[in-house]
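Thank you all for coming; I would like to walk you through one model this morning, starting with a single packing contact and working outwards from there. Please have a look at the sequence and the structure first.

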Amino acid sequence: MTDHLGRRIEHLMSRYPVDESSRHTAWARTTALSELVRILRTNEPTDVGVETLEAQLRLAAIITRDCDGDLEDAAAHHDRLASDITAVQPDADPWSPVRNAARAHRMAAAICRGDHSDLRLFASPRKDGIDRTPALRLPSAEG
């Protein structure tokens with residue numbers, strides 16, 4: 001059986017040389033994370049939160065790639081966006097669109113700063129049992 005999601009991630013990661021200080025690598029990984037989030041959909045009303053997370057991760061990837069400056073500058077943009085979005089509805093339900101929009105930008109900021117914990121979590125075997133972590137070309141886990 002062909003792993004189409006794994007192939008999409010591999011294609012994203014092959015577009016540019018992997019460089020931990022590159023906006024293009026952070027873009028590819030953030031875009032890949034949006035693909036990985038998609039498998040959380042359950043066709044339930046809570047999917048609006050998952051759909052928002054996925055869409056905002058795609059937006060965050062573009063912001064990262066097109067940011068003037070280095071990855072810390074991109075991370076700072078994401079931090080501000082997450083803060084501003086959270087301020088719109090600070091007591092929102094955890095799976096609400098507002099919370100997930102802010103979460104997406106916090107996740108993107110983490111990727112920009114070299115924190116790959118969200119990537120490892122979502123790439124690890126989930127519903128389909130496939131580990132897609134190698135496709136992300138992450139540095140060795142610390143520890």
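Let me begin with helix 2, where Ala 26, Arg 29, Thr 30 and Leu 33 meet Met 107, Ala 108 and Ile 111 of helix 5. Please keep in mind throughout that this is a predicted model. By character, the residues of this contact between helix 2 and helix 5 divide into five nonpolar, one polar and one charged. As for the geometry, the two helices pack at an angle of about 145 degrees, their axes being 10 Å apart, and helix 2 passes helix 5 in a right-handed crossing.

From there we can move to the interior, where the largest nonpolar core comprises 30 residues, and where Ile 9, Leu 33, Leu 36, Val 37, Leu 57 and Leu 136 are those with the most contacts inside it. At least two residues of this core come from each of helix 1 (4-14), helix 2 (23-38), helix 3 (47-66), helix 4 (71-88), helix 5 (97-112) and helix 6 (117-123), although it is helix 2 that gives the most, with seven residues.

What does Leu 57 touch, if we leave out residues up to four places away in sequence? The list consists of Thr 30, Leu 33, Ser 34, Val 37, Ala 104 and Met 107. There is also a second, separate core of six residues, including Ala 92, Val 98, Ala 101 and Ala 102.

Finally, I would point you to Arg 137, in the segment after helix 6, which has a positive phi of about 55 degrees although it is not a glycine. Arg 137 is partly exposed, with a relative accessible area of 40%.

How values were computed: Residues are numbered from 1 along each chain as its sequence is written. This is a predicted model: local features need pLDDT of at least 70, side-chain atom pairs count only at pLDDT 80 or more; totals for chains, interfaces and linings use all residues. Side-chain values use heavy atoms; hydrogens and water are left out. A nonpolar core is a set of buried Ala, Val, Leu, Ile, Met, Phe, Trp, Tyr and Cys residues joined through side-chain atoms within 4.5 Å. Buried means under 20% relative accessible area, exposed over 50%, partly exposed in between (1.4 Å probe, protein chains only). Helices (H or I, at least four residues) and strands (E, at least two) are DSSP runs, numbered from the N terminus. Contact means heavy atoms within 4.5 Å. Axes are lines fitted to C-alpha atoms, for helices over the stretch in contact, and angles run from 0 to 180 degrees between N-to-C directions. A crossing is left-handed if the near helix is turned anticlockwise from the far one by less than a right angle, and right-handed if clockwise. Ala, Val, Leu, Ile, Met, Phe, Trp, Tyr, Cys and Pro count as nonpolar, Asp, Glu, Lys and Arg as charged, and the others, Gly among them, as polar.
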